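Please read this report alongside the sequence and the coordinates, which are shown just below.

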Amino acid sequence: YSLFSFFFSLAVLFSIKMPTDFKKIFWTGISLADLFLFGMIFFIVLLTVIFLNRGIDWINSRHKNEKSVTKIPTGCIFIIIFLAWMPFFLAFYPGNISGDSFSSIYQALSHITSTAHPVLFTLLVKVTLKTGLFLFHNMNAAIAVFSITQMLLLDGILTYTVFWLNRHGISRKGCILAVIYFALNPLIVRFSFTMWKDILFSGVMLLLVLFLYDVAIGAKRLTENRDLLQFLALAVLVSFLRNRIVYAVIAIFILLIGIYRTYWKKMLVVFLLTSVLIFFIQGPLYSYLNIRPSNFAEGQGVSLQQIAAVVVEDGKISESEKEFINKIIPLEDIPKAYNPSTVDNLKGYETFDHNFLNSHSVEYVKIWISILFKNPWYCTKAWLMTTRSFWGFNVFIEPFAITWPSEKLNIHQVN
């Protein structure tokens with residue numbers, strides 16, 4: 001409880017201190033009054049968490065003999081969530097489309113040439129758009145087919161999550177609250193019909209987390225072939241819905257081999273074969289199909305933002321480091337290209353040399369680590385500003401708008 005309350009209170013304090021204007025780089029300093037405020041928030045949050053936890057235990061104890069939400073057919077939960085989302089989908093018809101979405105659409109309508117967006121996600125876009133165009137001969141309707149498909153998939157994941165909560169002792173009332181949260185949470189609703197690779201990845205990642213929790217408490221055992229196959233399916237799906245996440249999956253494999261030490265030989269063989277299969281498909285097979293890997297910068301959002309922040313703030317950088325950075329992007333362009341809230345401006349700047357960075361990735365990582373250790377405060381603040389949309393409490397996300405490529409693709413904003 002204390003650890004959660006500490007980080008929650010820290011997020012609240014940083015949200016208050018950070019500038020509301022994303023173009024401002026850093027916030028003002030921390031005062032004694034801020035520390036006092038932090039202590040008050042921590043105390044309130046801690047008491048609230050303890051109270052809620054005991055309240056949940058009391059509710060569950062009162063309903064321990066009650067047959068919970070399984071009395072309600074799972075299909076009803078699925079339909080309730082979907083119907084709750086539908087008015088919002090119609091208001092944003094045919095769905096939320098951004099710059100990244102158009103990149104996926106272009107590849108889907110021609111052929112997949114890059115892993116800038118995960119190939120599995122682009123294939124989903126391709127199948128749904130082709131189906132929509134075949135049935136309706138209209139791009140807006142085709143986009144709507146994708147949106148509805150993703151809504152159904154995410155709805156299924158959240159419905160399973162409610163079922164999972166019920167199976168782990170959450171009362172019927174608690175599960176109903178979860179359904180209401182999933183059905184009406186503005187972010188979940190809005191992202192359900194947004195054409196981003198992150199949405200389905202997050203859903204499958206949720207399933208993987210729930211599965212690993214079951215493994216931790218003994219509800220799932222990887223010594224059972226059925227449970228092992230379920231885990232491998234989730235691990236493979238996660239690996240193909242997010243570039244470079246395979247390394248995190250391998251770390252999970254290693255951890256699980258340590259947990260199942262008695263069966264380590266079987267686990268090692270299975271995990272090794274799975275890893276080889278993933279790397280083979282994402283390496284030689286992609287190359288054979290002329291699908292080129294994404295630029296190295298696509299996986300270096302935080303590090304690029306940290307280096308740029310140190311340059312803008314005139315932090316500690318050696319002459320040789322400046323010379324190297326200057327080859328990636330001229331130093332005089334960094335203040336114009338750097339936006340504390342997103343790396344897209346920086347890596348998309350006209351003088352940013354992706355070819356140089358792609359061919360000097362190892363040297364880049366070494367220089368980034370050196371700058372990180374010499375400028376920990378600037379780098380920490382740059383990381384906080386970049387990730388603020390994920391943890392901040394006063395962040396306003398602007399509505400998506402169908403933008404410049406829409407005319408070429410015959411996509412029109414209806415509402």
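The sections that follow treat a helix, a surface patch and the salt bridges in turn.

## Helix H5 and its surroundings

The model is predicted, and the description begins with helix H5, which runs over residues 119-136. With 18 residues at 1.5 Å a residue, H5 should span 26 Å, and because its end C-alpha atoms are 25 Å apart, the expected and modelled values agree. Directly after H5 comes His-137, whose phi is positive, near 55°.

The buried residues of H5 are Val-119, Phe-121, Thr-122, Leu-124, Val-125, Thr-128, Leu-129 and Gly-132. Among the elements that cover these buried residues are helix H4 (99-109), helix H6 (139-167), helix H9 (197-217), helix H10 (225-241) and helix H12 (264-288).

## A nonpolar surface patch

Phe-88, Phe-92, Ile-176, Leu-177, Ile-180 and Leu-184 together make a nonpolar surface patch of about 550 Å². Helix H7 (residues 172-184) gives the most to this patch, contributing four residues. Ile-180 is found in H7 and is partly exposed, with a relative accessible area of 44%; because membership of a patch requires over 30% relative accessible area, the value for Ile-180 satisfies that condition.

## Salt bridges

The structure holds eight salt bridges. One of them joins Glu-298 to Lys-347, with the closest N and O atoms 3.0 Å apart. Glu-298 lies in the loop between H12 and helix H13 (301-312), whereas Lys-347 belongs to helix H16 (residues 344-347), so the pair ties together parts that are 49 residues apart in sequence. The two partners are set in unlike surroundings, since Glu-298 is partly exposed at a relative accessible area of 37%, while Lys-347 is buried at 14%.

Another salt bridge pairs Lys-322 with Glu-319, whose closest N and O atoms are 4.0 Å apart. Both residues lie in helix H14 (residues 319-328), three residues apart, which is about one turn of the helix. An α-helix has 3.6 residues a turn, so residues three or four places apart point the same way. Lys-322 is partly exposed, with a relative accessible area of 28%, and Glu-319 is exposed, with 61%.

The side chains of Lys-336 and Asp-333 also meet in a salt bridge, at 3.1 Å from N to O. Here Lys-336 is exposed, with a relative accessible area of 57%, whereas Asp-333 is buried, with 10%. Elsewhere, salt bridges that share partners join Glu-298, Asp-344 and Lys-347 into one network.

Key. Residues are numbered from 1 along each chain as its sequence is written. This is a predicted model: local features need pLDDT of at least 70, side-chain atom pairs count only at pLDDT 80 or more; totals for chains, interfaces and linings use all residues. Side-chain values use heavy atoms; hydrogens and water are left out. Patches are made of residues with over 30% relative accessible area and no salt bridge: like charges are joined within 9 Å, nonpolar side chains (Val, Leu, Ile, Met, Phe, Trp, Tyr) within 5 Å. Accessible areas come from the Shrake-Rupley method with a 1.4 Å probe; for residues, only the protein chains shown count as cover. Helices (H or I, at least four residues) and strands (E, at least two) are DSSP runs, numbered from the N terminus. Buried means under 20% relative accessible area, exposed over 50%, partly exposed in between (1.4 Å probe, protein chains only). The expected span of a helix is 1.5 Å times one less than its number of residues. Contact means heavy atoms within 4.5 Å.
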